[in-house]
Amino acid sequence: MPIRFVYFDVDNTLLDHSAAERAGLQDLHAAHAEAFTGVPVAQLQQTYHAASGPLWKQYAEGTIDKAAVKERRFAHTFGALGVALDPRAANAFYMARYATHWQAIDGALAAFEAVAAQLPVGIITNGFLETQRRKLDRFPVLRDRSAAVIISEETGVLKPHPRLFAEAAQRATVAPADILYVGDSLFSDVEGATRAGWQAAWYTTATDPVDAPVALRFHDWDTFAAWLL
Ligand SMILES: [Mg+2]
């Protein structure tokens, strides 16, 4: 099938969200060494990550708002670890530090630009509006080359909600079957795109066999660019 438009996910596809999250938490740990006595940084990172997942799910389902996500991810983490810190202050500190650690994944921006030189491209990202906008400010090529930028908070639903993909397809002004979505999440990206009738490319470091309905499964961006262009 022809590909006439390429949408990219941002976090853990073009930018290394997970590394920035770990580094931001490491900074929080270092800034409050006394409060984290007996809690290794790796334990903070794992506990936070485990606490965040269900909260994002509830946020996606519309049962809690983003302020609750931000506060509760630290409230739950500190509760589980027995750490006496204010969750709201911790979140503010963490968000500021998280932003200092944003980095592109190796080869991702070069591949994005190479694709953008030949095909119309766009961005679809879940996440908090102000945070995702700041990421696009930090990596302006992503916005400057994009024919459409879709941030879930503006659409009112998160990936993999069909309404978000429908709006993205409309803005691409090509048939859904001619759109390729490139992302790291089987649930949010691959399934969302596939159900919308798009093609999908799955960026993953996983090596286990998974029966995913994707046009390409890849873990380095040169492979992706060579396959598409
Ligand atoms: Mg992602």
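This text walks through a predicted model, from its overall build to a few individual residues.

Start with the whole chain. The protein has 229 residues, and half of them, 50%, are buried. Its secondary structure comprises eleven helices and six strands. Measured against no partner, only its own C-alpha trace, the outline spans about 55 × 35 × 35 Å along the principal axes. The radius of gyration is 18 Å, which agrees with the value near 17 Å for a compact globule of 229 residues.

Next, the contacts and the surface. Take the contacts with a sequence separation of 6 or more: 62% of them join residues 24 or more positions apart. The accessible surface comes to about 10700 Å². Carbon and sulfur atoms account for 52% of that surface.

Now turn to a pair of helices. Helix α2 covers residues 41–61, and helix α3 covers residues 66–81. Their axes come within 8 Å and cross at roughly 145°. The crossing is right-handed. On the α2 side, the residues that meet α3 include L44, Y48, L55 and W56. On the α3 side, V69, F74, A80 and L81 are among the residues that meet α2. Charged residues take part too, including K66, R72 and R73 of α3. By class, the residues of this contact divide into ten nonpolar, six polar and three charged.

Stay in α3 for one lysine. K70 sits in this helix. Is K70 buried or exposed? K70 is buried, because its relative accessible area of 18% falls under the 20% cut-off. Which residues does K70 touch beyond its neighbours within four places in sequence? They are N91, F128 and E130.

Finally, look at the backbone. Most residues other than glycine have a negative phi, and most peptide bonds are trans. Three places in this model depart from that pattern.

N12 lies in the loop between β1 (5–8) and α1 (17–31). Its phi is positive, about 65°, although N12 is not a glycine.

The peptide bond from K159 to P160 is cis, with omega near 10°. P160 belongs to the loop between α8 (152–155) and α9 (162–172).

T173 is found in the loop between α9 and β4 (179–183). T173 is not a glycine, yet its phi is positive, near 55°. T173 counts as exposed, because its relative accessibility of 69% is over the 50% cut-off.

Note on methods: Residues are numbered from 1 along each chain as its sequence is written. This is a predicted model: local features need pLDDT of at least 70, side-chain atom pairs count only at pLDDT 80 or more; totals for chains, interfaces and linings use all residues. Side-chain values use heavy atoms; hydrogens and water are left out. Helices (H or I, at least four residues) and strands (E, at least two) are DSSP runs, numbered from the N terminus. Buried means under 20% relative accessible area, exposed over 50%, partly exposed in between (1.4 Å probe, protein chains only). Contact means heavy atoms within 4.5 Å. Axes are lines fitted to C-alpha atoms, for helices over the stretch in contact, and angles run from 0 to 180 degrees between N-to-C directions. A crossing is left-handed if the near helix is turned anticlockwise from the far one by less than a right angle, and right-handed if clockwise. Ala, Val, Leu, Ile, Met, Phe, Trp, Tyr, Cys and Pro count as nonpolar, Asp, Glu, Lys and Arg as charged, and the others, Gly among them, as polar. The radius of gyration is taken over C-alpha atoms; the globule rule is 2.2 Å times the number of residues to the power 0.38. Accessible areas come from the Shrake-Rupley method with a 1.4 Å probe; for residues, only the protein chains shown count as cover.
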